[in-house]
Amino acid sequence: KKERTLAMIKPDAVAKMGAIIEMILSSDLTITKMKMVALTRKEAVDFYVEHQTKTFFNDLINFMISGPVIAMEILGDESVCAWRKLLGPTNSSTARSESPNSIRAKFGTDGTKNAAHGSDSVASAARELEFFFPTSGGRGPPNTA
Ligand code: CMP
């Protein structure tokens with residue numbers, strides 16, 4: 001079933017965006033929207049609000065505002081799952097042993113600096129896509145790509 005998901009290249013991997021985008025383009029997934037954005041602290045906190053009680057939250061927020069991120073809307077069959085499979089395990093160290101060809105294995109560092117993000121469900125994808133690509137109230141023409 002065709003789904004949309006939110007993919008985000010994190011600050012540690014923006015310098016390697018070319019290789020990551022090549023991996024997506026050579027998969028069965030389609031990039032339908034893309035933007036580079038420097039998140040404010042408030043925006044990063046809002047995006048990751050579900051993790052606000054976690055011990056790693058402050059490190060995560062400081063990391064996410066250390067440089068720009070690239071947000072992408074990804075379209076494809078079961079794209080939530082398919083994108084997370086390309087990403088590999090959350091921790092890049094784990095990814096290097098369990099899924100060495102994955103994006104997190106190849107471009108991430110550790111449990112926090114893990115190169116990229118993917119929505120964990122269709123519901124999260126809807127919220128996260130609206131966060132980066134609001135469908136109403138914005139200026140300019142509607143994006144129908
Ligand atoms: P992401 O998939 O974007 O979702 C939440 C993020 O928090 C995760 O990637 C990591 O960047 C970070 N994270 C998750 N678990 C941990 C952890 N145990 N220790 C440190 N950072 C974590």
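This report describes the fold, the strand pairing, the nonpolar core and the ligand surroundings of one protein.

The structure is a predicted model, in which local features need pLDDT of at least 70 and side-chain atom pairs count only at pLDDT 80 or more, while totals for chains, interfaces and linings use all residues. Residues are numbered from 1 along each chain as its sequence is written.

**Overall fold**

The protein has seven helices and four strands, where helices (H or I, at least four residues) and strands (E, at least two) are DSSP runs numbered from the N terminus. Read along the sequence, these elements follow the pattern β-α-β-α-α-β-α-α-α-β-α. The C-alpha trace spans about 45 × 35 × 25 Å along its principal axes. The radius of gyration is taken over C-alpha atoms, and the globule rule is 2.2 Å times the number of residues to the power 0.38. Because a compact globule of 145 residues would have a radius near 15 Å, the 15 Å of the protein agrees with that rule.

**Strand pairing**

Two strands pair if DSSP finds at least two bridges between them, and β3 has the two partners listed here.

| Strands | Sense | Bridges | One facing pair |
|---|---|---|---|
| β1 and β3 | antiparallel | eight bridges | Thr5 and Ile74 |
| β2 (residues 30-37) and β3 | antiparallel | seven bridges | Lys35 and Ala71 |

β3 is also mostly covered, since seven of its nine residues are buried; a residue is buried if 20 or more other C-beta atoms, placed from the backbone, lie within 10 Å of its own. In the protein as a whole, 32% of the 145 residues count as buried.

**Nonpolar core**

A nonpolar core is a set of buried Ala, Val, Leu, Ile, Met, Phe, Trp, Tyr and Cys residues joined through C-beta atoms within 7 Å. In the largest such core, which holds 28 residues, Met8 and Ala116 touch the most other members. Elements giving two or more residues to this core include β1 (2-9), α3 (57-64) and α7 (122-132), and the largest share, five residues, comes from β3. Not counting residues up to four places away in sequence, Met8 touches Val69, Ile70, Ala71, Ala116 and His117, a contact being two C-beta atoms, placed from the backbone, within 7 Å.

**Around the ligand**

His117 appears again in the ligand shell, together with His51, Phe56, Leu60, Thr90, Gly111, Thr112 and Asn114; a residue counts as near the ligand if its C-beta atom, placed from the backbone, lies within 6 Å of it. This shell divides into two nonpolar, six polar and no charged residues, with Ala, Val, Leu, Ile, Met, Phe, Trp, Tyr, Cys and Pro counted as nonpolar, Asp, Glu, Lys and Arg as charged, and the others, Gly among them, as polar.

Definitions and conventions: A residue is buried if 20 or more other C-beta atoms lie within 10 Å of its own, exposed if 12 or fewer, and partly exposed in between; C-beta atoms are placed from the backbone.
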